[in-house]
Amino acid sequence: MRPTAEKTQGEDITMSEVTGAKALFLALEAVGVEHIFGIPGGAILPAYDPLIDSTVKHILCRHEQGAAHAADGYAQASGKVGVCMATSGPGATNLITGLASSFMDSIPVVAITGQVPRPAMGYDAFQESDITGIAGPVTKHTFLVMEPDDIAQTIAEAFHIASTGRPGPVLVDIPKDVLQAKFTYKPAGPVDLPGYQPTTKPNQRQIVEAAKLISQSERPILYAGGGIIKAGASAELVQLAEMTGIPVVTTLMARGVMPDTHELCLGMPGMHGNYTAVTALQRSDLLIGIGPRFDDRVTGKLSAFAPDAKIIHADIDPAEISKNRKADVPIVGDAKAVLVELIKVIESRRGKDPQPDYSAWRDTVNGWKKAYPYKYTQTEDGPLKPQYVVERIAALTEGKAIYCAGVGQHQMWGSQFIPFQRPRTWINSGGSGAMGFGVPAAMGAKVAMPDDEVWCIDGDGCFQMTCQELATMAVEKIPVKIAIINNAYLGMVRQWQELFYDERYSEVEFGWDIPDYVKLAEAYGCIGLRVENMQDVDTAIEKARGVNDRPVVIDFRCDKGEMCYPMVAAGSSNDDIILGPEYEREPVAHEQGDHLYGDDEEHGA
């Protein structure tokens, strides 16, 4: 979708008179847009007329937040730019939650919004809002197009900015009279942005320094972030891991970047990561971070994070490097270019650098893997465990589907119990943690990848925030499967109230019966199913898998009190990881830390 310097558009229309709205769609077609998620309204209405004759397929969403999340899911699943469109004022501001999520996760999205006519701007006109000002902090860039002549070039530049360097959302705001104005159309020229020149090629001297540190280390860990997926560098990551024998942890946004079944893959670290990944980071003497953010959900208490480790941090955004943890070797560059160069240098220096033997370190790590796997207990006559539901979805789909999630306990269980095998199959709102993300994101993923089976693993709280997109999917015949892990609570909040507020549950219970999810699904034109015991789980999943003309919603009524473990409480050291009741709530024996939950004053909601 990236425009090229040679790319021109609408050759047969050049020098013809068109409206600004027509120019908008010519420009979108020129950069390869196939789908837009949006809702019409007064200010954007002129754009919905040329849409009728465009090759671009518009999907009529039921809420702008859904449109923005759908564009995000489309982009995460396909690697292309996702596009959403809304009218001025509340239509535009309803996009903000979705754009903020895309911004935090570096997802390439272009949002097009209508604005009130130019003469009305600044006079508090009906549905006027300063959307470029509002969106500024949660987008990579914003444009306000004040002349129809600028539409084609602005769209080309917006797609270039969204998809290059560190990807991210870009907003293009166009006043209604600019969309209506007629002018002589001129296609976009080459994209030339002197102030925007992302550094993609890493510094060779820093690469050599990184190779030296690796050769001197005894307990290294490859800390793989979402930047590797965005750079399409999964194969290079695996190559580096195999040639060096260094174990790999994959962040929430990097799940699938390396097959979980690979012997060197340790899985996910973080607040609800597994013991092995968390502890391997903590005990390492060298972290080789490729495209991670060193965010607080991974580091825990930052001052106590990986105390003995030197840091190699490679990222395409120089602002990320040393932001949270000072890097001993900072590398600015595209993750794929960094990995390719690192592999070359390590190979070339063999015979010059020491050849470390990491077998003892791998034995230690593998010992943790055997001793501390994820655990839960599902009994035949007991309440349905959410972990069991997720495991069965993964097993019956053979881990080959695309899996989306909302935000909360179900998201963590999904990241724990699905054995991911390939990139772009675990779609999340990671940094922002936007509840309501799952259903529309799954819709976007299915539109982008129609031949893939798409499952949304959602919570009952998340589902109710954007479930109106069921109507969109039913009308458009987008057959997503939605598994509601229904524990009748805002589960993660309930877990924190249980652990940190002495079980004083406040405004957190939804109950099982309102709404009736089966009836709600049917009202939206979908198929609704309900499962209350383990014996019926497989049957419901297989029934959903057999439906290909509409969405299926399965209401899995799960154990209300189940909590998500392991857990590193917010503000606590990773040394204080809690394994949970399956390990009898005993803290793991180690030489650092001796309390279970850390400093209570640092626990947020």
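**Figure 1. Overall surface and fold of the predicted model.** The accessible surface of the protein in this predicted model comes to about 23200 Å², and carbon and sulfur atoms account for 49% of that area. The protein contains 22 helices and 20 strands. Its radius of gyration is 25 Å, close to the 25 Å that the globule rule gives for 605 residues, so the protein is as compact as a globular protein of that length. Measured out along the principal axes, the C-alpha trace would be described by spans of about 75 × 65 × 45 Å. Of the 605 residues, 60% count as buried, and among contacts between residues at least 6 apart in sequence, 75% join residues at least 24 apart. The protein carries 53 positive and 79 negative charges, whose mean positions lie 5 Å apart.

**Figure 2. Helix 22 and its surroundings.** Within helix 22, which comprises residues 537-545, the residues Val537, Ala540, Ile541 and Ala544 are buried. These four cover an arc of only 100° around the axis, which puts them on the same side of helix 22. An α-helix has 3.6 residues a turn, so residues three or four places apart point the same way. The face of helix 22 turned away from the buried side carries Thr539 and Lys543, both of which are exposed. Among the elements that cover the buried residues of helix 22 are helix 15 (386-396) and strand 17 (454-459), together with strand 18 (481-486), strand 19 (527-531) and strand 20 (552-557).

**Figure 3. The environment of Cys558.** Cys558 is found in the segment after strand 20, and with a relative accessible area of 1% this residue is buried. Leaving aside residues up to four places away in sequence, Cys558 touches Leu384, Lys385, Pro386 and Val389, as well as Ile485, Asn486, Asn487 and Trp512. The C-alpha atoms of Cys558 and Ala488 are separated by 8.3 Å, although the two residues are 70 residues apart along the chain.

**Figure 4. Two cis peptide bonds that precede proline.** The peptide bond from Ile514 to Pro515 is cis, its omega being near 0°, and Pro515 is found in the loop between helix 20 (491-500) and helix 21 (517-523). A cis peptide bond also joins Tyr565 and Pro566, where omega is about 0°. Pro566 has its place in the segment after strand 20, which is where Cys558 of Figure 3 is found as well.

**Figure 5. Asp124, a residue with positive phi.** Although Asp124 is not a glycine, its phi is positive, at about 55°. Asp124 is placed in the loop between strand 5 (109-115) and helix 5 (131-135). With a relative accessible area of 74%, Asp124 is exposed.

**Figure 6. Glu398, a further residue with positive phi.** Phi of Glu398 is near 55°, which is a positive value in a residue other than glycine. The loop that holds Glu398 runs between helix 15 and strand 15 (402-405), and helix 15 is one of the elements covering the buried residues of helix 22. Glu398 counts as exposed at 54% relative accessibility, the cut-off for that class being over 50%.

Definitions and conventions:
Residues are numbered from 1 along each chain as its sequence is written. This is a predicted model: local features need pLDDT of at least 70, side-chain atom pairs count only at pLDDT 80 or more; totals for chains, interfaces and linings use all residues. Side-chain values use heavy atoms; hydrogens and water are left out. Helices (H or I, at least four residues) and strands (E, at least two) are DSSP runs, numbered from the N terminus. The radius of gyration is taken over C-alpha atoms; the globule rule is 2.2 Å times the number of residues to the power 0.38. Buried means under 20% relative accessible area, exposed over 50%, partly exposed in between (1.4 Å probe, protein chains only). Contact means heavy atoms within 4.5 Å. Accessible areas come from the Shrake-Rupley method with a 1.4 Å probe; for residues, only the protein chains shown count as cover. Lys and Arg count as positive and Asp and Glu as negative; His and the chain ends are not counted. The place of a charge is taken as NZ of Lys, CZ of Arg, CG of Asp or CD of Glu. The arc is that of the directions from the helix axis to the C-beta atoms.
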